[in-house]
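Q: I am new to this structure and would like a close look at a single part of it. Please take me through the sheet and whatever lies against it, one step at a time.

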Amino acid sequence: MQPFRLKNQQQVTISEATMDDAQAIINFYNRVGGESDYLSFGKNEFTSDVENYKSALEATRLEKNSIIYIATVNREIISIASIHSNQKTRSKHVGTLGIVVSQQFIGQGVGRKMMELLIDWAKTNEITRKITLVTREDNDTAIQLYEKLGFVKEGLSLKDNLVDDVYYNSLMMAMFV
């Protein structure tokens, strides 16, 4: 993929994740889990074994309706965005989107770029017809971005996220491609 520049002019490279990225991805998730309460996981909660995660990355790469992108600055991961899809005939047209951006790069344009790449990929993979995502109901900045990109609210899951003894609702959103 072609590199692009963030709002702060740093150059970012986005590529599809490979097995060689496994340890760096695990490290990234474990670090950023402590940066935001909006994520579905906390610091050091990504406990996958490196060899198992390598296998998972390769399996995802081989699925025509699933993908994982990583964004890097100076070879350090700053964002990961993915669409994971079921392989069963009745639901393989639905992909679940996940995105994580390192706190220091929020507001620099990498989140939007990663989302746009995923949406473009979904439109051309010949299987995906619907992208879903889940975010905390109070994650206003992310919700605004999702709506600008064409996602609509589908529903609410009550008190399904517990952070520091406080329950939060999750908003389900989707778009058809």
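To begin at the start of the chain, how many bridges join β1 to β2, and do these strands run parallel or antiparallel?

A: Happy to help! Please keep in mind that this is a predicted model. Strands β1 and β2 run antiparallel and are joined by 2 bridges. You can find one of the paired positions by looking for Phe 4, whose bridge partner in β2 is Val 12. The two strands form a hairpin with 5 residues between them, and there Gln 9 has a positive phi near 75 degrees.

Now follow the sheet onward. Strand β2 also pairs with β3, again in the antiparallel sense, this time over 4 bridges. Within that pairing, Ser 15 sits opposite Ile 70 of β3. If you wonder what holds such neighbours together, strands of a sheet pair through backbone hydrogen bonds, either parallel or antiparallel.

Stepping back, the whole sheet is open and has 8 strands, arranged in the order β1-β2-β3-β4-β5-β6-β8-β7, with mixed pairing. At its edges lie β1 (4-5) and β7 (152-163), each of which pairs on one side only.

Further along that order, β5 and β6 run parallel and share 3 bridges. Here Gly 95 faces Ile 131 in β6. To get from β5 to β6, the chain passes through α3, making a right-handed β-α-β crossover.

On the other side, β6 (residues 130-136) meets β8 (residues 166-176) in an antiparallel pairing with 7 bridges. Two pairs let you trace this arrangement: Lys 130 has Phe 176 of β8 as its bridge partner, while Arg 136 is matched with Ser 170.

Two helices that pack on the sheet come next. Helix α1 (residues 22-32) touches β3 (67-73), β4 (76-85) and β5 (94-101), and its direction makes about 100 degrees with that of β4. Helix α3 (residues 110-124) touches β1, β2 (11-16), β3, β4, β5, β6 and β8, and makes about 30 degrees with the direction of β4.

How covered is β6? Mostly: 6 of its 7 residues are buried.

That brings us to the nonpolar residues. The largest nonpolar core has 34 of them, and Val 12, Leu 97, Val 110, Met 115 and Phe 151 have the most contacts inside this core. At least two residues apiece come from β2, β3, β4, β5, α3, β6, α4 (140-148) and β8. Helix α3 gives the largest share, 8 residues. You have already met one of the names here, since Val 12 is the partner of Phe 4.

Leu 97 is a good place to zoom in. Apart from neighbours within four places in sequence, Leu 97 contacts Ser 82, Ile 83, Met 115, Leu 118, Ile 131, Thr 132, Leu 133 and Phe 151. There is also a second, separate core of 16 residues, and among its members are Ala 22, Ile 25, Ile 26 and Leu 39.

Finally, a look at some charged side chains. Side chains of opposite charge can pair when their charged atoms come close. The structure holds 7 salt bridges. One of them links Glu 147 and Lys 153 at 3.8 Å, N to O. Glu 147 is partly exposed because its relative accessible area is 36%, whereas Lys 153, at 52%, is exposed, the cut-off for exposed being over 50%.

Helix α2 (residues 50-62) offers another example, with Lys 54 and Glu 51 lying 3 residues apart, about one turn of the helix. Their side chains meet in a salt bridge at 3.5 Å, N to O. Lys 54 has 28% relative accessibility, so this residue counts as partly exposed. In α2 you will also find Glu 58 and Arg 61, which are 3 residues apart and so separated by about one helical turn. Their salt bridge spans 2.6 Å, N to O. Glu 58 is partly exposed at 22% relative accessible area, and Arg 61 is partly exposed at 39%.

Technical notes: Residues numbered from 1 in each chain as written. Predicted model: local features only at pLDDT ≥ 70, side-chain atom pairs only at ≥ 80, totals over all residues. Heavy atoms only, no water. Pairing = 2+ DSSP bridges. Contact = heavy atoms within 4.5 Å. Axes fitted to C-alpha atoms, helices over the stretch in contact; angles between N-to-C directions. Core = buried A, V, L, I, M, F, W, Y, C linked by side-chain atoms within 4.5 Å. Buried < 20%, exposed > 50% of the residue type's maximum accessible area, 1.4 Å probe, protein only. Salt bridge = Lys/Arg side-chain N within 4 Å of Asp/Glu carboxyl O. Right-handed = clockwise from strand over helix to strand, strands pointing away.
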